[in-house]
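Hello! Here are some notes to read alongside the model, set out as numbered points. Take them one at a time and keep the structure open as you go.

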There are 2 protein chains.
Amino acid sequence: MTEPVDTVLVVEDEVPMRRFLRAALASHGFRVAEAGSLREAERAVTEAPPQAILLDLGLPDGDGLDLLRRVREWSTAPVIVVSAREREDDKVTALDAGADDYLTKPFGTSELLARIRVALRHARAQGGSAEPVMVIGPIRVDHARHEVTVGGAAVHLTPIEFRLLALLAQHVGKVLTHRQLLREVWGPRATQHTHYLRVHMAALRRKIEADPARPRWLATEAGVGYRLRDE
Amino acid sequence: MTEPVDTVLVVEDEVPMRRFLRAALASHGFRVAEAGSLREAERAVTEAPPQAILLDLGLPDGDGLDLLRRVREWSTAPVIVVSAREREDDKVTALDAGADDYLTKPFGTSELLARIRVALRHARAQGGSAEPVMVIGPIRVDHARHEVTVGGAAVHLTPIEFRLLALLAQHVGKVLTHRQLLREVWGPRATQHTHYLRVHMAALRRKIEADPARPRWLATEAGVGYRLRDE
DNA sequence: CGCGAACTTGACGCGAACTTGACGCGCGGG
DNA sequence: CCCGCGCGTCAAGTTCGCGTCAAGTTCGCG
């Protein structure tokens, strides 16, 4: 049971800032991965998922929030946004998009480190580690490509179907309640429309089950929710 | 089965600030509990555990960090520190003491609310406070998977049976009265239908007892309630 | 402006789960 | 000794949740 070294991905285009962050993190025992653009960041995050992400919003090739949202589809790894923008709107947007914290430049090293510790504490308590590609039996969910295959054959899923499957895959074996699924996919105001689930789960079964009437993978727990069998 | 309203405990001694916070929170659908001192806060937190805590550090009767540490010993409820002190040391100390976020006054309403949403999101993702899996003799109750096994074999329980068993398992060895069981499973309006219990307990025994006529685990305390033996 | 994909909404049948009532048993007290 | 009470059992009867289908409705795109 040796303490694993956490790696932090730094997404930042300005070189001096990047060097500063690298030094601060490395000197406190973190492994540091770096990306100077969205493209690089996306590659880094899928190829070697880090334990935490420091994300600068002012990137040359696009909005950092896009990356954030993309990552949030399959990973719960903590993301701390580091930005020069200190308008409240920016903060709210980022936090609601899935960021775990928002730090405005300039900031102190020790505060940054403390907030990283908080983020890692949360991630550890929660446990679930996520891979960009998940395999359950014959079902393969590739988040980077946004693609699902069953037994090697590509399957087209609608946005809602994809999100449902992704959520279930993220918690293989566990039951997700109606409420949880509805909140994640349709938003907090739709937690009683359980009929949505019936319709879309049926559609999902038609696409990923050999015999949709006798589901082998997508199990329903009557009165509770749905579950993706692991086995 | 109604949508639960999250309650936020505001620990703050200055009245105007408290009123401001109360207004901001209440108008966004939160229930608000208030405390003006450490003493009050401690009482509030143990008597009616809130889903999140807003903690001001400058309290008249002691350091807010003491409260934080005390609470952290038994609860993981998110704590957001709200303080006028903006020295980095203060932030680091609070965060390392278990705070989930640190906001310096003055701050905007919308940012505060966004950060509360983040905190609640974390708390929810982390799941209930209960142990995920309980073991009583050969009986295994796995909450996350919503699955019960007896001697290794999976047993299918109906929703009501599952909730009954889960309740009893949560208090192994202790007697749960008819009233308690009925209230938890059927709601407060059904506390006199003790016949429900007889029927469903019988069904439960058929599924988890080797000899349902001579129950080894699910004991009945005549005139009082039921109990799950801890051997 | 029209088309198609995706989503919402409603109706319906089926089976599981729950409720309800009748009955028998053991036990303790009148 | 018999009666009442609480419990377990069983078998109806009824409700409820789920899956299915199909008819709207919305929305983006050509």
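1. A residue counts as near a molecule or strand if one of its heavy atoms lies within 4 Å of it. Keep that cut-off in mind for the points on DNA. Please also remember that this is a predicted model.

2. Let us begin with DNA strand C. Which residues come nearest to DNA strand C? There are 18 residues around this strand, and those that come nearest are A:His156, A:Thr158, A:Tyr196, B:Thr158 and B:Tyr196. On the DNA side, 67% of the atoms of strand C within 4 Å of the protein belong to sugar or phosphate, and the rest belong to bases.

3. Now zoom in on the phosphates of DNA strand C. A polar side-chain atom of A:His156 lies 2.8 Å from a phosphate oxygen of this strand. The backbone takes part as well: a polar backbone atom of A:Ile160 is 3.1 Å from a phosphate oxygen of strand C, and for a polar backbone atom of B:Ile160 the distance to a phosphate oxygen of strand C is 3.1 Å. Two or more residues of the surface near DNA strand C come from each of these elements: α6 (159–170) and α8 of chain A, and α6 and α8 of chain B. Sorted by class, that surface has 10 nonpolar residues, eight polar ones and no charged ones.

4. DNA strand D deserves its own visit. Around it are 18 residues, of which A:Thr220, A:Gly223, A:Tyr226, B:Gly223 and B:Tyr226 come nearest. Sugar and phosphate make up 67% of the atoms of strand D that come within 4 Å of the protein.

5. What reaches the phosphate oxygens of DNA strand D? From chain A, a polar backbone atom of A:Gly223 is 2.8 Å from one phosphate oxygen. From chain B, a polar backbone atom of B:Gly223 is 2.7 Å from a phosphate oxygen, while B:Arg205 places a polar side-chain atom 2.9 Å from a phosphate oxygen. The elements giving two or more residues to the surface near strand D are α8 (194–208) of chain A and α8 of chain B. This surface divides by class into six nonpolar, eight polar and four charged residues.

6. Next, look at a sheet in chain B. Its four strands form an open sheet in the order β8-β9-β10-β11, with antiparallel pairing. At the edges are β8 (133–136) and β11 (153–155), each of which pairs on one side only. From one strand to the next, the twist averages 25°. Inside the sheet, four bridges join β9 (residues 139–142) to β10 (residues 147–150) of chain B; B:Val141, for example, has B:Val148 in β10(B) as its bridge partner. Helix α6 (residues 159–170) of chain B packs on the sheet, where it touches β8, β9 and β10, and its direction makes about 105° with that of β9(B).

7. How do α6(B) and α8(B) cross? Their axes come within 10 Å and cross at roughly 85°; the two helices are therefore roughly perpendicular to each other. Among the residues that meet are B:Leu164, B:Leu165 and B:Leu168 of α6(B), and B:Leu197, B:Met201 and B:Leu204 of α8(B). The contact as a whole has nine nonpolar residues, one polar and two charged.

8. Chain A has an open sheet of three strands, with the order β12-β14-β13 and antiparallel pairing. Its edge strands are β12 (175–177) and β13 (218–221). Three bridges join β12(A) to β14 (residues 225–228) of chain A, and A:Thr177 has A:Gly225 as its bridge partner in β14(A). Helix α7 (residues 178–186) of chain A packs on the sheet by touching β12 and β14. Helix α8(A) also packs on the sheet, touching β13 and β14, and its direction makes about 155° with that of β13(A).

9. Finally, check some backbone details. Most residues other than glycine have a negative phi, and most peptide bonds are trans. A cis peptide bond joins A:Lys105 and A:Pro106, with omega about -5°, and another cis peptide bond joins B:Lys105 and B:Pro106, with omega about 0°. A:Pro106 sits in the loop between β7 (101–104) and α5 (109–126) of chain A. A:His146 is not a glycine, yet its phi is positive at about 60°; look for A:His146 in the loop between β9 (139–142) and β10 (147–150) of chain A.

Key:
Residues numbered from 1 in each chain as written. Chains lettered and ligands numbered in written order. Predicted model: local features only at pLDDT ≥ 70, side-chain atom pairs only at ≥ 80, totals over all residues. Heavy atoms only, no water. Pairing = 2+ DSSP bridges. Axes fitted to C-alpha atoms, helices over the stretch in contact; angles between N-to-C directions. Contact = heavy atoms within 4.5 Å. Parallel < 35°, antiparallel > 145°, perpendicular 65-115°, else oblique. Nonpolar A, V, L, I, M, F, W, Y, C, P; charged D, E, K, R; others polar. Polar contact = N/O pair within 3.5 Å; in protein donor to acceptor, adjacent residues only side chain to side chain.
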